[in-house]
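I opened this notebook to record what I looked up in one structure. The entries are kept in the order in which I turned to each topic.

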Protein chains: 2
Amino acid sequence: MPGKGKWQNRFSGHGRRWTMPRETILQQLSRTNKHQSPKEIFLAINKFNPSIGLTTIYRTLELLDKMGVIHKLRIGDGQVRYELRGKEKEYHHHHLICTSCGKIIDYADFIDEEMELIKKTEKALNKKHNFIINNHNIEFYGLCEKCR
Amino acid sequence: MPGKGKWQNRFSGHGRRWTMPRETILQQLSRTNKHQSPKEIFLAINKFNPSIGLTTIYRTLELLDKMGVIHKLRIGDGQVRYELRGKEKEYHHHHLICTSCGKIIDYADFIDEEMELIKKTEKALNKKHNFIINNHNIEFYGLCEKCR
DNA sequence: ATGGTAATGATAATCATTTTCAATAACAAT
DNA sequence: ATTGTTATTGAAAATGATTATCATTACCAT
Ligand SMILES: [Mn+2]
Ligand SMILES: [Mn+2]
Ligand SMILES: [Zn+2]
Ligand SMILES: [Zn+2]
């Protein structure tokens with residue numbers, strides 16, 4: 001049954017339940033490509049649905065992150081932030097963060113060269129330290145157009 | 001007067017004062033190449049000098065970071081961590097973080113290739129987004145030898 | 001030696017995130 | 001459709017890291 005939400009199927013048959021709060025939270029994440037904090041998501045939802053509690057936002061975001069549906073960011077501004085994940089290819093990007101106003105810019109330039117270097121580094125580090133690398137995090141800090 | 005500590009001069013003549021707590025904190029940072037949290041530093045110092053308060057640790061670490069003497073790390077384990085900075089060349093490195101036990105490994109492999117890519121990326125991002133890039137952060141997450 | 005003031009430490013306050021727990025609602029089995 | 005199981009929820013309290021307050025202390029230029 002199409003139209004019931006593209007995520008519903010990912011919740012069925014795993015002892016998990018498809019609930020209204022979860023659908024609402026995913027809708028809110030879809031509404032923008034910004035990197036939203038739990039509180040921001042809560043406030044946005046709260047305007048039209050005050051019955052969903054902040055605790056549920058936290059729990060759901062954590063779950064969605066574990067499921068791989070969203071991506072958790074920890075830039076250093078005191079709260080966690082989340083963004084929806086796309087398919088691997090179209091999703092992979094890094095962040096440009098303004099240390100003055102906190103603006104976050106997505107970028108995916110030189111991804112190919114970067115991936116090559118990452119692969120090489122991962123292989124070397126794996127051999128050297130016997131360390132299994134699952135993912136990486138790259139971010140640039142500086143001043144955005146307005147703040148420079 | 002040598003022996004009085006290699007950092008003392010960095011505190012003179014800027015309206016800043018060279019104090020016993022600051023010297024002790026820098027000593028503690030020198031004692032290991034681990035990435036210590038404020039609380040860890042506090043506990044280590046507290047064993048032989050219980051007169052230094054946690055608040056001072058926080059304030060001093062923040063100051064030292066601003067001065068460029070130490071480097072602040074925010075891996076995602078709930079507390080900030082700091083490490084001493086060496087000279088630019090010998091210092092520059094990234095981190096390998098075990099998501100299971102929290103172990104942090106420094107590495108500096110492929111730094112040259114990496115710097116080349118970083119420079120290229122920085123230039124492109126600057127042109128594209130009119131963003132001034134001051135520094136970057138790269139870290140790999142995975143499982144260490146013991147935790148795999 | 002002394003005065004101005006940067007630095008300190010104890011305490012309280014903030015603030016994001018977690019935990020607890022009783023009530024609710026999905027949903028598989030009837 | 002009704003039921004029973006239990007995953008999920010929301011309110012409230014708890015936690016834990018970091019910050020703000022403020023009276024006291026101690027650098028250090030004079
Ligand atoms: Mn992004
Ligand atoms: Mn390091
Ligand atoms: Zn900005
Ligand atoms: Zn480990």
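The entries below go from the two copies of the chain to the metal site, the DNA and an aromatic pair.

**Entry 1: the model and its two copies.** I note at the outset that this is a predicted model. I first asked which rotation superposes chain B on chain A. I found a rotation of 180°, with 0.0 Å of shift along its axis and an RMSD of 0.0 Å. The two copies are therefore related as by a two-fold rotation axis. I then looked for the part of chain B that comes nearest the axis, and it is the C-alpha of I138(B), 2.3 Å away. I also compared the contact residues: 100% of those of chain B recur in chain A, and the same surface serves both copies.

**Entry 2: the manganese ion (ligand 2).** Which protein donors does this ion have? I listed H35(B), H93(B) and H95(B), each through NE2, together with E83(B) through OE and D106(B) through OD. These donors lie 2.1 to 2.3 Å from the ion. Along the chain I read their spacing as H-x47-E-x9-H-x1-H-x10-D. Two of the donors I placed in strands: E83(B) belongs to β2 (residues 81-84) of chain B and H95(B) to β3 (residues 94-98) of chain B. They are 12 residues apart, and the pair links distant parts of the chain. I checked the accessibility of E83(B) and H95(B), and both are buried.

**Entry 3: DNA strand D.** I counted 21 residues around this strand, of which S51(A), T56(A), R59(A), Y58(B) and V80(B) come nearest. Of the strand's atoms within 4 Å of the protein, sugar and phosphate account for 67%. I then looked up single contacts. The side chain of R22(A) has an N or O atom 2.7 Å from a phosphate oxygen of the strand. For K39(B), a polar side-chain atom is 3.3 Å from a phosphate oxygen. At G78(B) I found a backbone N or O atom 3.4 Å from a sugar or linking oxygen. The elements giving two or more residues to the surface near the strand are α1 (20-30) and α3 (54-67) of chain A and α3 (54-67) of chain B.

**Entry 4: an aromatic pair.** I recorded 4 aromatic pairs over all chains. One of them joins F11(B) and W18(B), with 5.2 Å from centre to centre and 55° between the planes, and it is tilted. Are its two members buried or exposed? F11(B) has 1% relative accessibility and so counts as buried, whereas W18(B), at 22%, is partly exposed.

Conventions. Residues numbered from 1 in each chain as written. Chains lettered and ligands numbered in written order. Predicted model: local features only at pLDDT ≥ 70, side-chain atom pairs only at ≥ 80, totals over all residues. Heavy atoms only, no water. Phe/Tyr/Trp six-rings, centres within 6.5 Å; stacked < 30°, edge-to-face > 60°. Buried < 20%, exposed > 50% of the residue type's maximum accessible area, 1.4 Å probe, protein only. Least-squares fit on C-alpha atoms with pLDDT ≥ 70 in both. Contact = heavy atoms within 4.5 Å. Donors = N, O, S within 2.8 Å, 3.2 Å for Na, K, Ca; no water. Helix = DSSP H or I, 4+ residues; strand = E, 2+ residues; numbered from the N terminus. Near = heavy atom within 4 Å. Polar contact = N/O pair within 3.5 Å; in protein donor to acceptor, adjacent residues only side chain to side chain.
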